[in-house]
Amino acid sequence: MPDVLQIGPLQLQGKLVAVLLAAILGLWMIGIFGRRSVRRTQDMQAKPISDIAFNAAVIMLLTWKLGILLTQPSMLWKSPLKILMVSGSSMEILLGLLFACVYTYIQLRKHAIRLYVFLDIFTLGLTASLFLVCTLLPVYGLPTDLPWGIGPEGTISRFHPYHAYTALLLVPLLIWQHAREWRKHSIGQGNLLKYSLLYGGVAGMLASLFAAAEATVVYLSLPQLAYLLMLILGMLLPTLAHNTGRRELMSMSQNDSKTQVQQEQQNKEREKAAPAGKEGFVDKKLDGPNRPST
């Protein structure tokens, strides 16, 4: 993807076009799997997920593009047309992510959507978006003499194609996600989210060995800390799911015990209402399948 795309008199940033294409692909995948989940399980919770994800993406995009008005409000009066050409920094991205998360949480509570249903479907769209971004946007890693090294145009220096390594590592995850969802219908159980976090953390750690990133005070770069957090979350999710399942089993056992007590009471009432034989006991020979014909 070139740095600037020329479409007639219009010039567009290559990075912005790649991000928009990735967002469109992710939202399209979320819409497909949301509708598929509704058709298979008749779970109407998955129906508004695509709308929630689309609105959250718009909120994040507008905050990233126009968030500079919050950090530098004087730009609105000095050069308002410059706002259309300026892209937000990491601060605006974090601010947009915060607004999108707050909006998503409110909508999930409003529509009574289970968190695992949303996160599983969102994981499918996010993985596809990351794969497209890594495919379109080149990222230079550490210097290398390997024949597949890349470098800026007009230079002889060659670097590891960090973006290509990441995209190749995402291919098995994409295949597993679609194969598992198609065969086992596991959306809503949290397994897609859990194993995607575990695989993504390991794959990101492997790819980060070739990235040109500075280490922090804990001897890990910021991307490596993010991958480590993904691994920790992926390992903690089975414990949370186990506790939830145990509570459900306890409630089911309580319901079964109540049903058993009600059944015993009904049996006692039948015995009292049945005709009694000698000494007040029911003659089983005169009742049931062994009753003589008259």
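How much area does the protein expose, and what share of it do carbon and sulfur atoms supply? The protein exposes about 20100 Å² (Shrake-Rupley method, 1.4 Å probe; for residues, only the protein chains shown count as cover), and carbon and sulfur atoms supply 67% of that area.

A quick word on the source: this is a predicted model, where local features need pLDDT of at least 70, side-chain atom pairs count only at pLDDT 80 or more, and totals for chains, interfaces and linings use all residues. Residues are numbered from 1 along each chain as its sequence is written, and side-chain values use heavy atoms, leaving out hydrogens and water.

Nine helices and four strands make up the secondary structure (DSSP runs numbered from the N terminus: H or I of at least four residues for helices, E of at least two for strands). Of the 294 residues, 31% are buried (under 20% relative accessible area; exposed is over 50%, partly exposed in between, with a 1.4 Å probe and protein chains only).

Now to the loop between α8 (191-208) and α9 (222-273), which holds V217. S221 is found in the loop between α8 and α9 too.

| Residue | Relative accessibility | Class |
|---|---|---|
| V217 | 79% | exposed |
| S221 | 5% | buried |

Leaving aside residues up to four places away in sequence, S221 touches A213, E214, A215 and T216; a contact means heavy atoms within 4.5 Å.

V217 also belongs to a nonpolar surface patch with V218, L222, L225, L228, I232, M235 and L236, and together they have about 760 Å² of accessible area.

Terms used:
Patch = residues over 30% accessible without salt bridge, like charges linked within 9 Å, V, L, I, M, F, W, Y side chains within 5 Å. Salt bridge = Lys/Arg side-chain N within 4 Å of Asp/Glu carboxyl O.
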